[in-house]
Amino acid sequence: MDTPTPAKRGRPHKTSAPKRAPGRPAAADNPDLRARLLDAAIACYARQGIAATSLRAIAAEAGVNPALLHYYFGDKEQLQEAVSNERLIPVLMSLRDGLMGEGKDVFDLIGGFVAGIGRIVAAHPWLPSLWVREVLCEGGALRESVLFQKIGPVLPQMMAKRFAQAQAEGRINPELDPRLLMVSLIGLTLFPAASAPIWRFMFDAEDLDLDTQRRHALALLDRGLMP
């Protein structure tokens with residue numbers, strides 16, 4: 001007669017841990033990891049440019065294995081698209097949404113834009129350098145997808161129309177071009193924020209902060225906008 005096995009004697013089996021799907025990295029179970037990878041990617045993009053940033057560099061920034069980037073995003077192009085759609089575009093759209101509620105006074109609109117840029121730069125320090133490098137510069141990786149397709153038809157055109165209307169009503173300087181006024185706003189907000197470390201070094205002036213830049217921009221604009 002056969003000797004009873006442990007199972008037959010009533011001893012419980014050891015419960016094995018559920019198996020992950022083949023190829024699924026162990027760290028992929030972390031629910032916050034995808035957001036961390038996006039943050040690491042945008043930090044690398046702002047620091048060294050999209051073209052020069054490898055998946056391995058982003059993995060090192062996040063402190064993970066490169067296999068996780070492939071697991072969540074596939075390839076470099078898909079990761080770039082995710083960063084644009086989930087990090088950059090929402091930030092810029094939040095600026096637009098804040099301005100849509102501004103009253104008819106064009107000075108309130110301009111003040112809201114300058115203050116809004118200051119808020120989002122304070123919350124997202126990567127924005128100015130990424131904007132200059134990848135959107136404004138010729139050959140920037142985000143120029144077509146962000147500026148031409150998503151942001152351009154929304155925020156700059158909306159504001160230029162408001163400026164033109166105020167000009168037709170005699171409320172702002174008739175010699176201004178409403179379209180170039182939008183360019184001036186960018187030049188007085190994002191450019192100084194992107195180049196702030198240079199000017200702080202040259203003038204040995206740590207007080208050239210975002211609030212100082214905001215006051216300076218509004219002072220210039222107030223005088224130049226008056227009819």
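At 26% relative accessibility, Asp177 counts as partly exposed. In this predicted model, the side chain of Asp177 meets that of Arg179 in a salt bridge, with an N to O distance of 2.7 Å. Arg179, by contrast, has a relative accessibility of 60% and is therefore classed as exposed. The count of salt bridges in the model comes to nine.

A second salt bridge is formed between Glu86 and Arg34, whose closest N and O atoms lie 2.6 Å apart. This pair links distant parts of the chain, since Glu86 belongs to helix α4 and Arg34 to helix α1, with their positions 52 residues apart. Glu86 is partly exposed, with a relative accessible area of 32%, and Arg34 is also partly exposed, at 28%.

In helix α10, Asp211 and Arg214 are three residues apart and are therefore separated by about one helical turn. Residues three or four places apart in an α-helix point the same way, because the helix has 3.6 residues a turn. The side chains of Asp211 and Arg214 meet in a salt bridge, at 2.7 Å from N to O. Asp211 is partly exposed, with a relative accessibility of 36%, and Arg214 is likewise partly exposed, at 30%. Salt bridges with shared partners join these two residues and Arg215 into one network.

Helix α2 spans residues 55–62, and its buried residues are Leu55, Ile58, Ala59 and Ala62. Viewed down the axis of α2, these residues fall within an arc of 100 degrees, so they line one face of the helix. The buried residues pack against three other helices, namely α1 (33–48), α3 (66–73) and α4 (76–100). The face of α2 turned away from this buried side carries Arg56 and Ala60, both of which are exposed. Gly63 follows α2 and has a positive phi, near 75 degrees.

A positive phi is also found at Asp204, where the angle is near 50 degrees and the residue is not a glycine. Most residues other than glycine have a negative phi. Asp204 is placed in the loop between α9 and α10, the latter covering residues 210–225. With a relative accessibility of 71%, Asp204 counts as exposed.

A nonpolar patch of about 630 Å² on the surface is made by Ile198, Trp199, Phe201, Met202 and Phe203. Of these residues, Ile198 is found in helix α9, which runs over residues 178–203. Ile198 has a relative accessibility of 45% and so counts as partly exposed. Membership of such a patch requires over 30% relative accessible area, a cut-off that Ile198 therefore meets at 45%.

The cysteines were examined for covalent links. A disulfide is a covalent bond between the sulfur atoms of two cysteines. The count of disulfides in the model comes to zero. Cys44 is buried, with a relative accessible area of 1%, whereas Cys137 is partly exposed, with a relative accessible area of 36%.

Note on methods. Residues numbered from 1 in each chain as written. Predicted model: local features only at pLDDT ≥ 70, side-chain atom pairs only at ≥ 80, totals over all residues. Heavy atoms only, no water. Patch = residues over 30% accessible without salt bridge, like charges linked within 9 Å, V, L, I, M, F, W, Y side chains within 5 Å. Areas by Shrake-Rupley, 256 points an atom, 1.4 Å probe, with all protein chains shown as cover. Salt bridge = Lys/Arg side-chain N within 4 Å of Asp/Glu carboxyl O. Helix = DSSP H or I, 4+ residues; strand = E, 2+ residues; numbered from the N terminus. Buried < 20%, exposed > 50% of the residue type's maximum accessible area, 1.4 Å probe, protein only. Arc of directions from axis to C-beta. Contact = heavy atoms within 4.5 Å. Disulfide = S-S within 2.5 Å.
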